[in-house]
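Please open the model in your viewer and keep the selection panel at hand. The stops below go from the whole chain to single strand pairs and then to one loop residue.

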Amino acid sequence: MSQPPATPVVERVDAHHRYEIVVDGKRAGLTEYRDHAEQRVFFHTEVDDAYAGQGLAAQLVRQALTDTRAAGKRIVPVCPYVAKFLKKHDEFTDITDPVTPEILQWLEAQLG
């Protein structure tokens, strides 16, 4: 009898400024951010090819955004995937800020 697939778990990893989605103890994907005052700027999301097509990116981003709301922060979707997710899920509209040239400049400085 084969095991049912493990439930993916999303964890915030503050030391690396990212949320990770873990399946069977292995990191399947991540979304990276930097905090800028009351804003959490999401700039990169990826899911390992081995886990593609399972809806993990959407699950990861939804939980990251839910956690961002719980932390009292606002979302800035620099990452194209996060921006696309927000277009389809308007429950985060109230805490989403536009991507501005200032934010992009600040992010570039942060990332070096």
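**The whole chain**

Start with the entire protein chain selected and coloured by burial: of its 112 residues, 41% count as buried. Bear in mind throughout that this is a predicted model. If you switch to a surface display, the chain exposes about 6700 Å², and carbon and sulfur atoms supply 51% of that area.

Next, change to a cartoon view, in which three helices and five strands can be picked out; followed from the N terminus, the elements run β-β-β-β-α-β-α-α. The radius of gyration of the protein chain is 14 Å, close to the 13 Å that the globule rule gives for 112 residues, so the chain is as compact as a globular protein of that length. Along its principal axes, the C-alpha trace spans about 55 × 30 × 25 Å. If you draw the contacts with a separation of 6 or more, residues 24 or more positions apart account for 44% of them.

**The sheet**

Now select the five strands together, which form an open sheet in the order β1-β2-β3-β4-β5, with mixed pairing. Which strands stand at the edges? They are β1 (9-13) and β5 (74-77), each of which has a single partner strand, so one side of each is left without a neighbour in the sheet. Looking across the sheet, you will find neighbouring strands turned by 30 degrees against each other on average, with direction ignored.

**From β3 to β4**

Narrow the selection to β3 and β4, which run antiparallel and are joined by eight bridges. One position to display as sticks is Asp 35, which stands opposite Arg 40 in β4. The two strands form a hairpin with two residues between them, and in the turn Ala 37 has a positive phi of about 55 degrees.

**From β4 to β5**

Keep β4 (residues 39-47) and add β5: these strands run parallel, and four bridges join them. Val 41 stands opposite Val 76 in β5, while Gln 39 stands opposite Arg 74, also in β5. To see how the chain passes between these strands, add helix α1 (residues 56-70), through which it crosses from β4 to β5 in a right-handed β-α-β crossover.

Then return to the paired strands, where Val 41 faces Val 76 of β5, and bring in helix α2 (residues 80-88), which packs on the sheet and touches β3 (26-36), β4 and β5. The direction of helix α2 makes about 120 degrees with that of β5.

**A loop residue**

For the last stop, select Asp 14, which is found in the loop between β1 and β2 (18-23). Is Asp 14 buried, exposed or partly exposed? Its relative accessibility is 45%, so Asp 14 counts as partly exposed. Finally, draw a distance from the C-alpha atom of Asp 14 to that of Tyr 33: the two residues are 19 residues apart along the chain, and these atoms are separated by 9.6 Å.

How values were computed:
Residues numbered from 1 in each chain as written. Predicted model: local features only at pLDDT ≥ 70, side-chain atom pairs only at ≥ 80, totals over all residues. Heavy atoms only, no water. Pairing = 2+ DSSP bridges. Axes fitted to C-alpha atoms, helices over the stretch in contact; angles between N-to-C directions. Contact = heavy atoms within 4.5 Å. Rg over C-alpha atoms; globule rule 2.2 N^0.38 Å. Buried < 20%, exposed > 50% of the residue type's maximum accessible area, 1.4 Å probe, protein only. Areas by Shrake-Rupley, 256 points an atom, 1.4 Å probe, with all protein chains shown as cover. Right-handed = clockwise from strand over helix to strand, strands pointing away.
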